[in-house]
Amino acid sequence: MARTRKIYLEESEMPHKWYNIQADMPNKMLPPLHPGTKQPLGPDDLAPLFPMELIKQEVSQEKWIEIPEEVQDIYRIWRPSPLIRARNFEKLLDAPVRIYYKNESVSPAGSHKPNTAVPQAYYNYKEGVKKITTETGAGQWGSALSFATQFFDIDLQVFMVKVSYNQKPYRKSMVNTWGGKIVASPSTLTEAGRKVLEQDPDSPGSLGIAISEAVEMAAKDPDTKYSLGSVLNHVLLHQTIIGEEAIRQFSKTNDFPDVVIGCFGGGSNFAGISFPFIRLNLCQGKQTRLVAVEPESCPKLTRGVFHYDFGDTMGMTPLLPMFTLGHNFMPPKIHAGGLRYHGAGPIVSQLLKDKLIEATAVHQIEAFEAGVKFARSEGIIPAPESTHAIAQVIKEAHKAREEGKNKTILFNLSGHGLVDMASYDQYFAGNLQDYSVTEQQIKESIKELDIFPAE
Ligand SMILES: *Cc1c(COP(=O)(O)O)cnc(C)c1O
């Protein structure tokens, strides 16, 4: 039994700035477009939905953005998160690799999502917002935001996709424990929800419908704003504390990663661990590889197109320049719910287009296999999303062995799987299936994009 080695930072060593990669990007992103006029969006267009400080961060070109004291205080409940050398997992793989992971599962909500939920709640509070609405699929984002809003006495209304609401009761319990309100979507609280229910009283709901409900409620009330847990620039910005911390932790070792790996839904945890290492590539001549790992069943980075598309299914959000499978793409119901999103954040999309990062895809059974190996060697049961990153770690280790090269690997353990044990049960019962999307399906679903201005 090899000894696992933890590299902690003192509380006082936690970074107090977020890194804004927009300052260093060689090619700037195309602007978001208004969904109606198709003209570039101005700050005023977003003001009904977001507080001004977050809108400023969305377009900021400042390289460093100070983390407010109040936010740092709450971060200190679980930050700095440990960087761990996975010696037992290394031994199991029997390859010339050193493997480190950043353990983001130590937050109270069990994932990286509170890193942005807390500052988002804070900036809303500073601007006098009384209530926030949001949508949640599997419930991870809803629970993280409920944890965050309670610190600032902000009411929270979560719209949770109905199938998940019925199948995953514990995330709902977490939202309630922290004081948030949560309802199955479609609901009778909004016109959008009532309309869907009129046509189909048994509608299972979808993320697109839940977004419509949350946006409608926020748009109708001047004291209410809306919040998103991934994709947008300010969300990715807040997550960079993960990678900035990791760089400080590595400076306490004789090691430095050759490759950094993160699973990919909308891009927030991948951005969080990778952007600070891209900073060192761009500004200090390092040559770290950055690898985003998506599910084969929802392959926007590896098989989608770079195009303007809506962030939601209903076409209510701004048009964003991104790698996408089309906003009507219906990913199969895989168990890593957090990775079932049709598009990718605009910054990450631009970086992929410019070949500053790599993307790859893995099947869900391979991912669960990797997750179980990790649990049995390192002890922590990873979230189904995070197992995709671990599957890629194993591939990188095998490649290193074949090539006879030493390699240092860092991956982001974006969350634990303790609220997702039903999906592990399904895996052990042999009930999981691998889904491959056909070329024809992708062609069909991106056809709709032709009506939007191309890049
Ligand atoms: C939400 C979530 C993801 C996927 O979202 P990203 O924005 O791509 O990070 C990954 N892992 C966990 C544990 C999540 O909760």
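A charge is taken to sit over a ring if NZ of Lys or CZ of Arg is within 6 Å of the ring centre and within 35 degrees of the ring normal. The views below all come from a predicted model.

**View A. Lys-286 and Arg-279 each lie over the face of an aromatic ring.** Lys-286 is placed over the face of Phe-256, at 4.3 Å from the ring centre. Arg-279 takes up a position over the face of Tyr-19, where the distance from the ring centre is 5.7 Å.

**View B. The ligand and the residues around it.** The ligand is surrounded by 18 residues, of which Lys-113, Ser-230, Gly-265, Ser-268 and Ser-414 come nearest. By residue class, this shell divides into 4 nonpolar, 12 polar and 2 charged residues. Oxygen atoms of the ligand are approached by polar side-chain atoms of two residues shown here, with His-112 at 3.1 Å and Gln-140 at 3.2 Å. The backbone also takes part, in that an N or O atom of the main chain of Gly-267 lies 3.0 Å from an oxygen atom of the ligand. Of the 380 Å² that the ligand exposes when taken alone, the protein buries 97%.

**View C. Trp-78 and Phe-147 form an edge-to-face aromatic pair.** A pair of aromatic rings is described by the distance of the centres and the angle of the planes. A search of the whole structure finds 21 aromatic pairs, and for the pair of Trp-78 and Phe-147 the values are 5.9 Å centre to centre and 70° between the planes. Trp-78 belongs to the loop between helix H3 (69-75) and strand S4 (83-85), while Phe-147 belongs to helix H6 (residues 140-149), so their pairing ties together parts that are 69 residues apart in sequence. Trp-78 counts as buried because its relative accessibility, 6%, is under 20%. Phe-147 likewise counts as buried, with a relative accessibility of 3%. Both residues are members of one aromatic cluster, which they form with Tyr-75, Phe-151 and Trp-178.

**View D. Tyr-427 and Phe-428 form a tilted aromatic pair.** The ring centres of Tyr-427 and Phe-428 are 5.3 Å apart, and there are 55° between the planes. Tyr-427 counts as buried at 18% relative accessibility, whereas Phe-428, at 49%, counts as partly exposed.

**View E. Cis peptide bonds precede Pro-80 and Pro-186.** Most residues other than glycine have a negative phi, and most peptide bonds are trans. The bond that joins Arg-79 and Pro-80 is cis, with an omega of about -5°, and Pro-80 is found in the loop between H3 and S4. A cis bond also leads from Ser-185 to Pro-186, with omega near 10°; Pro-186 is part of the loop between strand S8 (181-185) and helix H9 (191-199).

**View F. Asp-153 and Lys-355 are residues other than glycine with a positive phi.** Asp-153, for which phi is near 50°, is found in the loop between H6 and strand S7 (155-161). With a relative accessibility of 72%, Asp-153 counts as exposed because that value is over 50%. For Lys-355 phi is near 60°, and Lys-355 is located in the loop between helix H15 (346-353) and strand S14 (358-362). Lys-355 counts as exposed, at 72% relative accessibility.

Note on methods:
Residues are numbered from 1 along each chain as its sequence is written. This is a predicted model: local features need pLDDT of at least 70, side-chain atom pairs count only at pLDDT 80 or more; totals for chains, interfaces and linings use all residues. Side-chain values use heavy atoms; hydrogens and water are left out. A residue is near a molecule or strand if one of its heavy atoms lies within 4 Å of it. A polar contact is a pair of N or O atoms within 3.5 Å; within protein, one must be able to donate a hydrogen and the other to accept it, and residues adjacent in sequence count only if both atoms are side-chain atoms. Accessible areas come from the Shrake-Rupley method with a 1.4 Å probe; for residues, only the protein chains shown count as cover. Ala, Val, Leu, Ile, Met, Phe, Trp, Tyr, Cys and Pro count as nonpolar, Asp, Glu, Lys and Arg as charged, and the others, Gly among them, as polar. Rings of Phe, Tyr and Trp (its six-membered ring) pair if their centres lie within 6.5 Å; planes under 30 degrees apart count as stacked, over 60 as edge-to-face and the rest as tilted. Helices (H or I, at least four residues) and strands (E, at least two) are DSSP runs, numbered from the N terminus. Buried means under 20% relative accessible area, exposed over 50%, partly exposed in between (1.4 Å probe, protein chains only).
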